[in-house]
Amino acid sequence: VFGAFVNYEMVPAEIARFLVEKKKARRLALIMAADDWSQSFEAPFRQQADKSGAQILISETVSPEEKDLRALVLRLKREKIHAVLAPLYAGSLYSFLKLARELGFPGLIHVGDGMFEEDLKVAGSSAEAVYASQIWLESEELSAAIRERFGVTTNPLQLGLVATGYDWVQHLKAASFSIVQEGGTISRESLAGKLRTFKSIGYLGEMMVGAAPLRSGEINMIVSSGRYVRAE
């Protein structure tokens, strides 16, 4: 089983650097859903926040379906929180964003990488100016290929997701071809060995899964007029 493109040890650290070093937030909060994905943000975010000289003053865990978050939002206001990382989803995400707007929370909100285009439609105006991490790709070449093959248009968010699958399949294909060229046979062992050093170039850049990544694979986005745009 292989994984590629998004490194969840780096994503929370990059979010912390963005909020603290770019947006000058010093008083932070962390609100997580009660599941492994959401709670995986805590340790890297906390470590980078400490390193960057910020304080995490509030850390709470809620049910993914929790909708009564009024007391929590009021606490964020009372503690004068500059920015909150809230990797939520489902009912808790929509409720948190709605109440944050209704109750006038003035701080920045980053929701990790779990809020997609359909969520923006559901959240509506509550999602305006909210930050998120996403895979983003601007490629007329790939976009044209998708239009020709499927007859549909795509945006950079959709292209990013398409490219993760396409690049990975092409990487495995090229690695397998290299094994055969060298006189070997394709097997679980030979492919695993080749992937430790093999590099290829795809739509999302260089792929090399045998070493630690240089970046998470996602960038910070902001919701503007109901759509994602690059935040930096």
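**Helix faces, nonpolar cores and backbone features of the predicted model**

Immediately after helix H7, glycine 151 adopts a positive phi of about 70 degrees. In this predicted model, helix H7 comprises residues 140-150, and its buried residues are Leu142, Ser143 and Ile146. Viewed down the axis of H7, these buried residues fall within an arc of 100 degrees, so they line one face of the helix. The face of H7 turned away from this buried side carries the exposed residues Glu140, Glu141 and Glu148, whereas the buried residues pack against helix H8, which runs over residues 156-181.

A comparable description can be given for helix H3. In this helix, formed by residues 42-51, the buried residues include Pro44, Phe45, Gln48 and Ala49. Because they cover an arc of only 130 degrees around the axis, they are placed on the same side of H3. The exposed residues Ala43, Gln47 and Lys51 are carried by the face of H3 that is turned away from the buried side. The cover over the buried residues of H3 includes helix H1 (10-22), strands E1 and E2, and strand E3 (83-85). H3 is followed by glycine 53, whose phi is likewise positive, with a value near 90 degrees.

The interior was next examined in terms of nonpolar cores. The largest nonpolar core contains 33 residues, of which Ile31, Phe96, Leu97, Ile109, Met115 and Tyr228 touch the most other members. Two or more residues are given to this core by each of strand E1 (27-33), strand E2 (55-62), helix H4 (70-78), helix H5 (90-102), helix H6 (117-123) and strand E8 (219-224). The largest share, five residues, comes from H5. When residues up to four places away in sequence are not counted, leucine 97 touches Ile109, Val111, Met115, Ala123, Ser126, Ala127 and Val130. Apart from the largest core lies another core, of 19 residues, among them Leu19, Ala25, Phe45 and Leu85. In soluble globular proteins, nonpolar side chains tend to be buried together.

Two residues other than glycine were also found with a positive phi. Most residues other than glycine have a negative phi. Lysine 80, although not a glycine, has a positive phi of about 55 degrees, and its place is in the loop between H4 and E3. With a relative accessibility of 60%, lysine 80 counts as exposed because the cut-off for that class is over 50%. Alanine 129, also not a glycine, has a positive phi of about 70 degrees and is placed in the loop between H6 and strand E5 (131-134). The relative accessible area of alanine 129 is 42%, and this residue is therefore partly exposed.

At the level of the whole protein chain, the secondary structure comes to nine helices and nine strands, and the C-alpha trace spans about 65 × 40 × 30 Å along its principal axes. Of the 232 residues of the chain, 44% count as buried. Among contacts between residues at least 6 apart in sequence, 68% join residues that are at least 24 apart. The protein chain exposes about 12,300 Å², of which carbon and sulfur atoms supply 52%. The chain has 27 positive and 28 negative side chains, and the centres of these two sets lie 5 Å apart.

Notes:
Residues are numbered from 1 along each chain as its sequence is written. This is a predicted model: local features need pLDDT of at least 70, side-chain atom pairs count only at pLDDT 80 or more; totals for chains, interfaces and linings use all residues. Side-chain values use heavy atoms; hydrogens and water are left out. A nonpolar core is a set of buried Ala, Val, Leu, Ile, Met, Phe, Trp, Tyr and Cys residues joined through side-chain atoms within 4.5 Å. Buried means under 20% relative accessible area, exposed over 50%, partly exposed in between (1.4 Å probe, protein chains only). Helices (H or I, at least four residues) and strands (E, at least two) are DSSP runs, numbered from the N terminus. Contact means heavy atoms within 4.5 Å. The arc is that of the directions from the helix axis to the C-beta atoms. Accessible areas come from the Shrake-Rupley method with a 1.4 Å probe; for residues, only the protein chains shown count as cover. Lys and Arg count as positive and Asp and Glu as negative; His and the chain ends are not counted. The place of a charge is taken as NZ of Lys, CZ of Arg, CG of Asp or CD of Glu.
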